[in-house]
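Hi,

Here is the structure I said I would pass on. Have a look at it first, and then read my notes below.

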Amino acid sequence: MSSLLSRYAENVFWMARYFERAESLARVLETQTSFQRGRGGDNSWAWIVALYSDEKTFAKAFPEPTAANVIRFYMAHLENPGSIQSAIRAARENARALRPMMPTDMWYQLNDFYNRLFAFGPSDFSEMRLSRTCDAIKRGCYAQVGVAENTLYHDETWPFFRLGLYVERADQMSRLLDVRFAQQQTGVARDSGEFDYTFWGILLRAASAYHAYRRVSPHHIDPQGVARFLIFDSKLPRSLSYCLGEIQAMIELLRRNFALSHAAAAASQVEAMISGLEVANKDEKLLSRLHDFNDWTQLSLMNFTEELSQAFFGYPRPAERPAPPVLGKSETQMASA
Amino acid sequence: MATITALKNPATVAPLDSYNSGHYYCELIGSRDERNHNLTALWHRLQQLELEQLRERSEDAERELFTLGITFTVYSDRTAIDRILPFDVIPRVITATDWRKIDRGVKQRIKALNLFLWDVYHDRKILKDGVVPADLVLGNENYRPEMVGYDPPCKTYIHIGGTDIIRDPRGDFLVLEDNGRTPSGVSYVVENRHLMQRAFPDLMQGFAIESVSEYGSQLADKLMEVAPAGIVSPQVVLLSPGVFNSAYFEHVFLAREIGIPLVEGRDLFVENDCVFMKTVSGPKPVHVIYRRLNDDFMDPEVFNPESLLGVKGIMRAVRKGTVTLANAIGTGVADDKAVYAYLPRIIRYYLNEDPIIPNVHTHICREADALQYTLENLDKLVVKPVGESGGYGICVGPKATKAELDLCRDQLKAKPSNYISQPMIELSVSPTLTDDGVEPRHVDLRPFAVTGEDTWLLPGGLTRVALRKGSIVVNSSQGGGTKDTWVLKEDFA
């Protein structure tokens, strides 16, 4: 019988989510620098604020969504719980609580990353150097996941780590797929063939999927193809389909190897999402309904997280449920969206 | 070319060139009158290092402590500031002969303290026999009536003890204080050793010193031993106030070394007088709790009703015998300042032995002779009220003004039972790296004893060093640091 503390399971789940979140934020910020390079200096950064539905919090902190302000807001603004520094700090607070379970290598790596991240100064956040800074953050996050893979004891802690990683990755992928919508909302996007070509190419790169897509589809980049690749491809480690497969496998692992049978509700939640994905795969007009699909994905992941919280983290059934201590930003926003 | 390698930079200073420990006992070279030749080899090895090199490696070591997160955390509104406990790279060495004495002396004290606690919470013979004044014990704020008649497994109350020991100018060890509640600092003993092994392998090479890595397994064994009767494979946990506690790093260290879950009060609950922890597979029974939480906070049902850190109903489980707390509730009555003065008599009462390590000579002013002696020597003595802590109300004779001495005399006469007096203590020194080179700094020693059916001592213990020149305050909150503490397996001389 598993004797993993519920609190530890929750901490490990959220720690992984925060690593993944920081990495994804770095990807999104880097995407904008690519847009600027790719399209002769279109320097609207407002769409990033729209993408995360952060308009209100942003307005409280900064008057205008200038490049400098948006970068600051998502890099280093500690009042923004969704900034990269906030995410890594939250990851570290979860890690601190998990420290009794965690290999020293992992803690060492995290402290090192944390200290470097918080040593970044204004020049690292300048538009000139943003790409390099984002890259350092991404590599820091890779190292975090790598050291976990290599040193964490793979008992039932491990599936919770993977669940956190893939739930967040799926959520963030759905946000990346929504960039276009956010840009249209803020009046950045125009529709033209050339624009689309550049846009979807950048999106592929943001998902580290450019070369994989080229291998699968060498001839052309078309919006439909790219979106479907990022959603349905079963071998791309950041696709929605891949993430859901991992989530399902981890729930199975908990049920089979660790006899945690009360994962049943969470398991059926994942099955429902996978069926939903199959339905969407047959939808020829998916691209025109992409925003709604992204909403559905994010809401489903939120429900799944709730199921996990009730099954394993010791949260009571709804109605009397208090807010989780380290609640993900995206979830609260989805709830109000 | 040989001449070039032989040439030494004239500006290079060997670390101990101007070292002078004065009339204090020095842990490296001995007393002024009698040098300790055991450690000559270490002296020479230190002398071969250049001061600058010593300093660089010391800085590396401190950086490593920081990245390893071996830190105290100071929280304010928005920030969490991690600070390391300053680490001095020059080890404090204890000879095998000295260690044998400390080992026996601490075990003797722990044994006497446990017998005393059993007696206090059962028949109270020692009070009835008038060896220790009953009001001192029963009126003590750390006396817990809830513990009366409770039989802890192995009759052990103090499972983890820390004994603060100092060394006078003649080189004799004295006990300054017993810590029988939740003594801290053991994590630094082990981590300091690891750090030294990485940073100064050359300094350690060839010295046969006792290992400190056994602490976790010894503690695990002892905690298993005191599990409630009939439990085959007891679930042991460490109860911490949580990440905001300044000693959280140590709690983590201990949980890892013992291989047990670190829990907080919110992870536990009591049902049918049994303690459970909340796991991903549901409630799981808990049998032994190494708690790093003061008595007051343990059970809002019995003690501080405001406590959110403890576990409601846990005292019911303790009294039912379904769970063992380490240390037991109510041990504070034995490590109290007033009771300390009686420890030599307590040892004689239960064990019929003289203390192996004496107390700092203490005059109990409620006794006529002691009062008279104290009044006659006020200007030479330190007078302490027994009920106060944190240095409040202390009169340091040699440093007091005439008016202060007069006031002290009046207070003593008005209520002698409220006071003890001691001579000025003089702590030994140990060579320590400072901004002005290697200088003598005062040190104390806290060996750690773990007790189940019997007692085991971690060889060495925590050496705390007062980094400020002339200071004898070794507390980390007041400029204290730590050193690695070596116990020689065999003496050379």
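**A hairpin in chain B, and what else turned up**

Strand 8 of chain B is joined to strand 9 of chain B by four bridges, and the two run antiparallel. One thing to keep in mind while you read: this is a predicted model. Back to the hairpin: B:Glu271 has B:Cys274 as its bridge partner in strand 9 of chain B. Two residues sit between the strands of this hairpin, and B:Asn272 takes a positive phi near 50° there. Strand 8 of chain B, which covers residues 268-271, also has two distinct faces: B:Leu268 and B:Val270 are on the covered one, while B:Phe269 and B:Glu271 are on the uncovered one.

**Where the chains meet**

Strand 9 of chain B comes up again at the contact between the chains. That contact takes 18 residues from chain B and 22 residues from chain A. On the chain B side, helix 10, strand 7 and strand 9 (274-279) each supply at least two of the residues that touch chain A. By type, that side of chain B divides into nine nonpolar, four polar and five charged residues.

Between two of those elements you'll find B:Gly259, in the loop that runs from helix 10 (248-258) to strand 7 (262-263) of chain B. Is B:Gly259 buried or exposed? It counts as exposed, because it has 11 C-beta neighbours inside 10 Å, and the cut-off for exposed is 12 or fewer. The C-alpha atom of B:Gly259 is 9.8 Å from that of B:Leu238, with their positions 21 residues apart along the chain.

**Chain B as a whole**

Chain B has 16 helices and 22 strands. Of its 493 residues, 43% count as buried. Its C-alpha atoms fill a box of roughly 85 × 65 × 50 Å along the principal axes. The radius of gyration of chain B is 24 Å, which agrees with the value near 23 Å that a compact globule of 493 residues would have. As for contacts in chain B with a separation of 6 or more, 70% come from residues 24 or more positions apart.

**More strands in chain B**

There is an open sheet of four strands in chain B, in the order 13-16-14-15 and with antiparallel pairing. Its edge strands are strand 13 (363-364) and strand 15 (395-396), each of which pairs on one side only. Inside that order, strand 14 (residues 381-385) and strand 16 (residues 419-423) of chain B pair in the antiparallel sense over five bridges. One of the partnerships there matches B:Leu381 with B:Pro423 in strand 16 of chain B.

Further along, strand 17 (residues 429-434) of chain B has five of its six residues buried, so it is largely enclosed by the rest of the structure. Six bridges pair strand 17 with strand 18 (residues 437-446) of chain B in the antiparallel sense, and a hairpin of two residues joins these strands. Across the pair, B:Ser430 stands opposite B:Arg441 in strand 18 of chain B.

**Over to chain A**

Chain A has 16 helices and zero strands. Buried residues account for 45% of its 337 residues.

Helix 14 of chain A (residues 264-282) is a good one to look at. Its 19 residues reach 28 Å from first C-alpha to last, close to the 27 Å expected at 1.5 Å a residue. The buried residues of this helix are A:Ala266, A:Gln269, A:Val270, A:Met273 and A:Leu277. They fall within an arc of 95° when seen down the axis of helix 14, so they line one face of the helix. Helix 13 (240-256) and helix 15 (290-311) of chain A are among the elements that cover them. Turned away from that buried side are the exposed residues A:Ser268, A:Ser275, A:Glu278, A:Val279 and A:Lys282.

**A few backbone oddities**

Most residues other than glycine have a negative phi, and most peptide bonds are trans. With that in mind, here are some spots to check:

- A:Ser208 has a positive phi near 50°, and is found in the loop between helix 10 (193-206) and helix 11 (210-216) of chain A.
- B:Asn352 has a positive phi near 55°. It counts as exposed, with 7 C-beta neighbours inside 10 Å.
- The peptide bond from B:Ala326 to B:Asn327 is cis, with omega near -5°. B:Asn327 lies in the loop between strand 12 (324-326) and helix 13 (337-340) of chain B.

Cheers

Methods
Residues are numbered from 1 along each chain as its sequence is written. Chains are lettered from A and ligands numbered from 1 in the order in which they are written. This is a predicted model: local features need pLDDT of at least 70, side-chain atom pairs count only at pLDDT 80 or more; totals for chains, interfaces and linings use all residues. A residue is buried if 20 or more other C-beta atoms lie within 10 Å of its own, exposed if 12 or fewer, and partly exposed in between; C-beta atoms are placed from the backbone. Two residues are in contact if their C-beta atoms, placed from the backbone, lie within 7 Å. Ala, Val, Leu, Ile, Met, Phe, Trp, Tyr, Cys and Pro count as nonpolar, Asp, Glu, Lys and Arg as charged, and the others, Gly among them, as polar. The expected span of a helix is 1.5 Å times one less than its number of residues. The arc is that of the directions from the helix axis to the C-beta atoms. Two strands pair if DSSP finds at least two bridges between them. The radius of gyration is taken over C-alpha atoms; the globule rule is 2.2 Å times the number of residues to the power 0.38.
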